[in-house]
Amino acid sequence: MAEASVDPLSLPEPRKKKSLSIEEKIDIINAVESGKKKAEIAAKYGIKKNSLSSIMKNKDKVLEAFESLKFDPKRKRLRTAFYTDLEEALMRWYRMAQCLNVPVNGPMLRLKANDFAQKLGHSDFKCSNGWLDRFKSRYGLVFRSQSVESATESEDAVTVWSQNVLPYYLNDYQPKDIFNIKETGLFYRMLPTKTFAFKGEACSIGKLNKERITLVVGANMDGSEKLPLLIIGKNKNPHCFKNVKSLPVDYESNRMAWMTSEIFQLWIQKLDEKFQAQKRQVVVFLDSLPAHPEVKILKSTQLVFFPSSLSSKFVAMKQGVIKNLKVKYRFYLVKKFLDSVESSKEFTFSLLDAVDMLHLCWRTVTPETIIKSYEKAGFKSQHGESGKTNMETENGLDLVSHALAAGVEFPEGLSLEEYASLDEDLVTCETVSDSEVTWTKEGKINETESYTSEEEDDDESPETELPLPSKMEAVTALETLKKFLRSQEINDTLHDSLADLENFIQSLSFK
């Protein structure tokens with residue numbers, strides 16, 4: 001009978017130790033129910049094991065006292081002391097599900113809690129019914145069935161995303177730590193005379209597939225950091241990459257030259273290692289696709305997937321960045337072609353040439369262009385005016401006139417911007433989970449049917465291969481470059497780069 005009258009707010013405590021608060025007792029109950037070792041819990045709170053047992057024995061009365069205080073406006077929200085990071089992650093996920101009108105029930109929440117526990121390294125955590133009840137009680141969660149009518153009448157996805165979901169992340173991260181990445185297809189050798197042959201090409205098999213690559217473009221919200229381009233081609237070792245030991249971009253390959261879940265996971269993990277080394281926490285927004293699986297054990301990167309119901313206008317890279325990059329690329333491609341025509345030389349352009357040109361063009365995409373693209377996608381910038389508009393379109397028009405004057409056919413009415421966007425509808429990601437199967441308009445085919453050997457798939461022949469320049473030839477070429485640049489007005493950065501190049505060449509041991 002004596003035990004029944006024990007006051008849960010005044011349970012016996014060890015000597016020289018103040019009485020545990022109601023919050024601490026709730027923490028202890030939740031820790032025990034989540035699977036934490038009792039000895040560890042007792043040590044953390046400086047209590048004896050029998051005191052812990054008394055708290056658990058009188059759990060109902062402790063919880064009753066907790067309920068009476070839960071809605072007191074003078075008290076702060078109660079949290080568990082053991083798994084605060086897990087609870088914050090779980091609540092963030094729950095709020096996003098609410099915003100996107102996704103019904104959540106107990107089993108779903110329990111599975112997600114265990115998933116977060118694994119990702120956060122809480123190997124001893126188990127989401128018991130008791131822990132889940134306490135979690136729901138602490139945050140006032142009540143699961144209700146949702147009718148089709150109520151779902152239909154709810155706010156549309158655009159409004160929810162713009163007013164609820166996106167601001168949540170913008171408040172949590174600085175603009176320099178907010179990134180968006182997006183894939184885009186590119187016919188890297190496509191010239192104006194071929195535009196109508198390429199337009200609308202599904203590019204699953206055949207000759208045109210040899211001409212395509214997939215680019216993955218990404219930058220942060222304030223335009224201060226552009227991620228290295230990821231280029232995905234068909235061949236692991238293209239003939240033009242012979243003797244090449246480093247590239248200015250990340251390069252991957254598969255038979256369809258598109259993004260796969262395997263490539264995506266490896267690339268994201270590489271980025272995460274980079275951010276981890278910088279001691280940063282970043283968020284990356286990206287499309288919800290089969291080729292973009294959730295990547296576990298990311299320590300510095302949070303992936304946020306756009307709801308599939310949203311249009312591409314919320315994807316920042318699609319609001320000007322990719323277009324800007326492609327306009328620049330096609331400008332230089334046509335210019336290189338015109339130089340060949342005017343010098344009566346055969347026009348050759350390899351995948352390696354495309355890699356170098358894309359890297360060059362990506363470096364010239366300005367922070368202003370990136371900031372404007374984010375603003376257009378609904379990411380509110382804190383940097384005020386974005387600056388002057390880039391002039392690629394005007395330069396492009398001059399190039400079209402130049403091409404026509406040189407006798408190069410440019411389809412009537414086709415601007416450089418239109419020329420740059422003709423491949424924007426290319427499929428860039430795997431569309432089925434089985435990587436061994438691809439699809440065409442005619443139906444299902446086995447990927448091996450569309451595969452060709454490296455020799456067949458590369459337009460360059462070994463007979464035209466030039467020998468690797470010697471060290472002396474490289475030094476001579478650098479001297480020629482220095483003489484030319486010194487006749488121009490160049491800044492200190494270029495002078496430093498020339499010195500770095502010379503030091504690098506001199507340090508090499510090849511003859």
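Okay, before anything else, one bit of vocabulary: when I give an angle between two helices, I mean the angle between lines fitted to their C-alpha atoms over the stretch in contact, taken between N-to-C directions. And please keep in mind that this is a predicted model.

With that in hand, let's start near the beginning of the chain. Helix H1, residues 22-33, packs with helix H3, residues 49-57, at an angle of about 90°, and their axes are 10 Å apart. Anything from 65 to 115 degrees counts as roughly perpendicular, so that is what we call H1 and H3. Who makes the contact? From H1 we have Lys 25, Ile 28, Ile 29, Val 32 and Glu 33, and from H3 we have Leu 52, Ile 55 and Met 56. If the spacing on the H1 side looks regular, here's the background: an α-helix has 3.6 residues a turn, so residues three or four places apart point the same way.

Let's zoom out for a second. The protein has 511 residues, and 44% of them count as buried. There are 19 helices and eight strands. And if you take contacts between residues at least 6 apart in sequence, 72% of those join residues at least 24 apart.

Now the sheet. Six strands make an open sheet with mixed pairing, and reading across you get E4-E3-E2-E1-E5-E6. At the edges sit E4, residues 250-253, and E6, residues 301-306, each with pairing on one side only. Going from one strand to the next, the twist averages 25°.

Look at E1 and E2 in that order. E1 covers residues 178-187, E2 covers 212-220, and they pair antiparallel over nine bridges. If you want a spot to click on, Leu 186 stands opposite Ile 213 in E2.

What lies across those two strands? Helix H12, residues 321-342, lies across E1 and E2, and it runs at about 40° to E1. You'll hear about H12 again, starting with the core. The largest nonpolar core has 63 residues, and the ones with the most contacts inside it are Trp 161, Val 217, Phe 285 and Tyr 329. H12 supplies the largest share of this core, 10 residues. There's also a second, separate core of 21 residues, which includes Val 216, Ile 232, Trp 267 and Val 282.

Back to Trp 161 for a moment. Leaving out residues up to four places away in sequence, Trp 161 touches Leu 166, Pro 167, Phe 285, Val 304, Phe 306, Pro 307, Leu 310 and Phe 314.

H12 has a helix partner too. Its axis and the axis of H13, residues 351-364, come within 9 Å and cross at roughly 130°. That makes H12 oblique to H13, and the crossing is right-handed. On the H12 side the residues involved include Leu 325, Tyr 329, Tyr 332 and Lys 336, and among those they meet in H13 are Met 357, Leu 358, Cys 361 and Trp 362. So Tyr 329 shows up twice: in that short list for the core, and here against H13.

Next along is H14, residues 367-376, where Thr 369, Ile 370, Ile 371, Ser 373 and Tyr 374 are buried. Where do those go? They pack against E1, E2 and H12. Just after H14, Gly 378 takes a positive phi of about 100°.

That brings me to the loops. As a reminder, most residues other than glycine have a negative phi. Two residues here go the other way. Ala 257 has phi near 55°, and Ala 257 sits in the loop between E4 and H11, residues 261-277. Lys 279 has a positive phi of about 55°, and its place is the loop between H11 and E5, residues 282-287.

So which is buried and which is exposed? Ala 257 has a relative accessible area of 0%, and buried means under 20%, so Ala 257 is buried. Lys 279 comes out at 79%, and exposed means over 50%, so Lys 279 is exposed.

One last loop residue: Asp 177, between H9, residues 157-172, and E1. Buried or exposed? With a relative accessible area of 8%, Asp 177 is buried. Again leaving out residues up to four places away in sequence, Asp 177 touches Arg 280, Gln 281, Val 282 and Val 283. Val 282 is also part of that second core. And that's my tour, thanks!

Note on methods
Residues are numbered from 1 along each chain as its sequence is written. This is a predicted model: local features need pLDDT of at least 70, side-chain atom pairs count only at pLDDT 80 or more; totals for chains, interfaces and linings use all residues. Side-chain values use heavy atoms; hydrogens and water are left out. Two strands pair if DSSP finds at least two bridges between them. Helices (H or I, at least four residues) and strands (E, at least two) are DSSP runs, numbered from the N terminus. Axes are lines fitted to C-alpha atoms, for helices over the stretch in contact, and angles run from 0 to 180 degrees between N-to-C directions. Contact means heavy atoms within 4.5 Å. A nonpolar core is a set of buried Ala, Val, Leu, Ile, Met, Phe, Trp, Tyr and Cys residues joined through side-chain atoms within 4.5 Å. Buried means under 20% relative accessible area, exposed over 50%, partly exposed in between (1.4 Å probe, protein chains only). Angles under 35 degrees count as roughly parallel, over 145 as roughly antiparallel, 65 to 115 as roughly perpendicular and the rest as oblique. A crossing is left-handed if the near helix is turned anticlockwise from the far one by less than a right angle, and right-handed if clockwise.
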